[in-house]
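The report below reads a model chain by chain and then turns to its charged side-chain pairs. Please keep the sequence and the structure in view while reading.

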Amino acid sequence: MSDFTMPSLGADMDEGTLLEWLVKPGDTVQKGDLMAVVDTSKAAVEVESFTDGVVESLVVEPGTRVPVGAVLATFAAAGAEPAPPEPRKRPSRHAAKMPVAIAEEPLVSSPLVRREAERAGVDLATVTGTGRGGAITRADVAHAAAPPAVPAAPHARPSEGRRGPARVTPYARRLAGELGVDLDRLPAPERRPVRATDVRAAAAGSERPAPERPEVAAPAQADRREEMRRTIATVMARSKREIPHYYLTLTIDLDRALRWMRERNRDLPVAQRLVPAALLLKAAALAAAANPGLNGFWVDDEFRPGSGVHLGVAVSLRGGGLVAPAIHDADQLDLTDVMAGMRDVVTRARAGRLRRAELSDPTITVTNLGEQGVESVHGVIYPPQVALVGFGRVTERPWAVDGLLGVRPLTVATLAADHRATDGFTGGRFLAAVDERLQSPEEL
Amino acid sequence: MPDPTTLTDDQAREAVTAALLRIVPDADLDEVGDDGALRAELELDSLDFLGFVEQLSASTGARIDEDDYPALRTMRSCIAFLTR
């Protein structure tokens with residue numbers, strides 16, 4: 001019997017909030033299957049199972065904040081029968097108002113939820129739970145306290161215990177706000193709440209422009225921003241306190257690379273076109289593979305090489321803050337896949353939906369502040385990593401080639417590296433390798 | 001999919017607005033105005049801009065090559081490009 005626990009998504013994380021379950025008791029999961037969505041100060045993160053097994057019970061309900069290591073769910077022992085699905089049904093809003101239904105105690109596991117309901121003047125018997133087994137969460141109470149935007153669907157069938165379309169997990173509700181999905185227009189799934197996956201599917205399929213973000217999402221976002229600011233403060237202060245940085249700089253001529261890219265893009269539909277950042281990332285990944293001393297972690301006074309080049313991409317978020325999710329095995333991917341990987345993590349980082357592994361295991365990070373117009377960036381290493389690569393803005397400058405002066409698109413590549421792990425010689429070789437790769441773009 | 005050569009100014013404006021709002025849902029396009037540089041004002045990075053071009057191309061049916069990107073600098077130039 002093993003447990004599914006709140007994972008640590010970085011050295012700076014002490015606790016997290018369970019936002020949504022992606023499994024239910026009785027589900028068979030394999031190692032790597034997504035189990036739940038967890039909210040951290042950085043982002044909402046999809047967390048996968050670390051083991052094969054059958055989910056026995058979900059211990060923590062959505063909306064609950066727990067410390068790292070706390071048990072979130074239990075697995076049945078191998079070969080054991082899964083726990084029978086919970087037979088308990090929650091009465092629908094309609095049924096709850098009838099005398100017979102009131103006899104059934106509302107499923108509320110947290111005294112906090114009861115207190116909140118009391119304060120908000122919400123009758124718990126009338127609330128539809130979205131937590132485990134229909135348990136009522138704080139978010140449900142908050143939702144019930146606010147006047148409903150639309151009257152409850154008149155065709156709800158109480159006898160079957162089906163909920164109306166308003167049954168939505170708190171995370172899905174927030175995501176809908178951020179992605180501009182109208183929850184009332186989503187089809188109500190059978191016997192389960194509307195989940196984030198439904199919202200994302202609707203957002204992906206929708207051709208409508210997203211409307212402005214609703215006001216309700218604002219406080220949560222402000223909280224997240226503040227928390228993210230604190231996290232960045234802690235991690236960066238630790239980096240500067242503990243890591244003896246050294247910095248190297250190399251100006252790289254991108255004429256060949258960009259010429260090749262434009263030629264390639266000419267024949268391709270927009271969706272398959274490359275941007276210069278994809279070439280820079282791939283070149284950095286290859287250089288990291290060739291210089292393994294820069295690709296890994298400094299832990300317990302020694303360097304531990306990364307298993308593969310997992311390239312962190314620094315993504316600035318609209319409204320402040322940044323995250324650096326990883327593109328896994330970036331040195332092994334072809335350029336099209338690096339480009340797709342970059343678009344994917346940037347989009348999901350900005351929508352607040354990343355996966356655990358992406359956040360916790362980059363082996364080296366690249367920042368491309370050049371997009372904002374600066375010429376170079378001397379970065380602060382994200383511990384326990386030992387190197388951070390920066391690319392400045394691509395600018396046309398006079399540049400001597402073969403004894404002649406020409407105008408060339410140039411970028412300044414920088415390396416900030418941990419002097420405990422490597423010396424400047426290795427760092428210099430790394431930047432030279434980035435340059436070399438960019439001179440043969442067709443081999444990237 | 002409408003023929004891009006038959007787009008009116010209003011239809012072009014609508015398409016550009018929709019594509020931008022998809023990338024930056026809370027963008028204040030009135031603030032940017034017709035002559036504000038879209039990439040700078042809305043802080044679009046290269047991926048955002050690619051997404052914008054993709055949307056615009058899909059919704060209007062216009063073929064937009066990389067060499068055309070400079071023509072998409074402002075709302076006014078976008079409309080001129082789409083109704084050319």
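The sections that follow take up confidence, one sheet, the second chain and the salt bridges in turn.

## Confidence of the model

This is a predicted model, and the confidence attached to chain A deserves attention before any detail is read from the coordinates. Chain A averages a pLDDT of 78, and 68% of its residues score at least 70.

Residues 80–106 of chain A keep a pLDDT under 50 throughout, although the model places 46 contacts beyond four places in sequence for this stretch. In residues 206–218 of chain A the pLDDT is likewise below 50, and here the model has 20 contacts beyond near neighbours in sequence.

## A mixed sheet in chain A

In chain A, five strands make up an open sheet whose order is E7-E2-E4-E5-E16, with mixed pairing. Its edges are formed by strand E7, covering residues 65–67, and strand E16, covering residues 353–355, each of which pairs on one side only. On average, and with direction ignored, neighbouring strands in this sheet are turned by 40 degrees against each other.

Within the sheet, strand E4 (residues 34–39) of chain A and strand E5 (residues 44–48) of chain A run antiparallel to one another and pair over five bridges. At the level of single residues, Ala36(A) in this region stands opposite Val47(A), which belongs to E5(A). As a general matter, the strands of a sheet pair through backbone hydrogen bonds, in either a parallel or an antiparallel sense.

## Chain B, a helical chain

The secondary structure of chain B consists of five helices and zero strands, which gives the pattern α-α-α-α-α when read along the sequence. Of the 84 residues in chain B, 48% are buried, and the accessible surface of the chain comes to about 4,200 Å², with 46% of that area belonging to carbon and sulfur atoms.

The contacts of chain B can also be sorted by separation in sequence: among those between residues at least 6 apart, 59% join residues at least 24 apart.

## Salt bridges

Over all chains, the structure holds 25 salt bridges. One of them joins Glu242(A) to Arg238(A), with the closest N and O atoms 3.3 Å apart; both residues lie in helix H7 (residues 217–242) of chain A, where they are four residues apart, about one turn of the helix. Glu242(A) is partly exposed at a relative accessible area of 39%, and Arg238(A) is partly exposed as well, at 27%.

A further pair in chain A is formed by the side chains of Arg304(A) and Glu302(A), which meet at 3.4 Å from N to O. Arg304(A) has a relative accessibility of 34% and counts as partly exposed, while Glu302(A), with a relative accessible area of 40%, is also partly exposed. Beyond such pairs, a network of salt bridges in chain A links Glu46(A), Asp344(A), Arg348(A), Arg355(A) and Glu358(A).

What does the salt bridge between Asp35(B) and Arg76(B), at 2.8 Å from N to O, tie together? Asp35(B) sits in the loop between helix H2 (29–32) and helix H3 (38–41) of chain B, whereas Arg76(B) belongs to helix H5 (residues 75–82) of chain B, so the pair ties together parts that are 41 residues apart in sequence. Arg76(B) itself is partly exposed, with a relative accessible area of 48%.

How values were computed: Residues numbered from 1 in each chain as written. Chains lettered and ligands numbered in written order. Predicted model: local features only at pLDDT ≥ 70, side-chain atom pairs only at ≥ 80, totals over all residues. Heavy atoms only, no water. pLDDT = per-residue confidence, 0-100. Contact = heavy atoms within 4.5 Å. Helix = DSSP H or I, 4+ residues; strand = E, 2+ residues; numbered from the N terminus. Buried < 20%, exposed > 50% of the residue type's maximum accessible area, 1.4 Å probe, protein only. Areas by Shrake-Rupley, 256 points an atom, 1.4 Å probe, with all protein chains shown as cover. Pairing = 2+ DSSP bridges. Axes fitted to C-alpha atoms, helices over the stretch in contact; angles between N-to-C directions. Salt bridge = Lys/Arg side-chain N within 4 Å of Asp/Glu carboxyl O.
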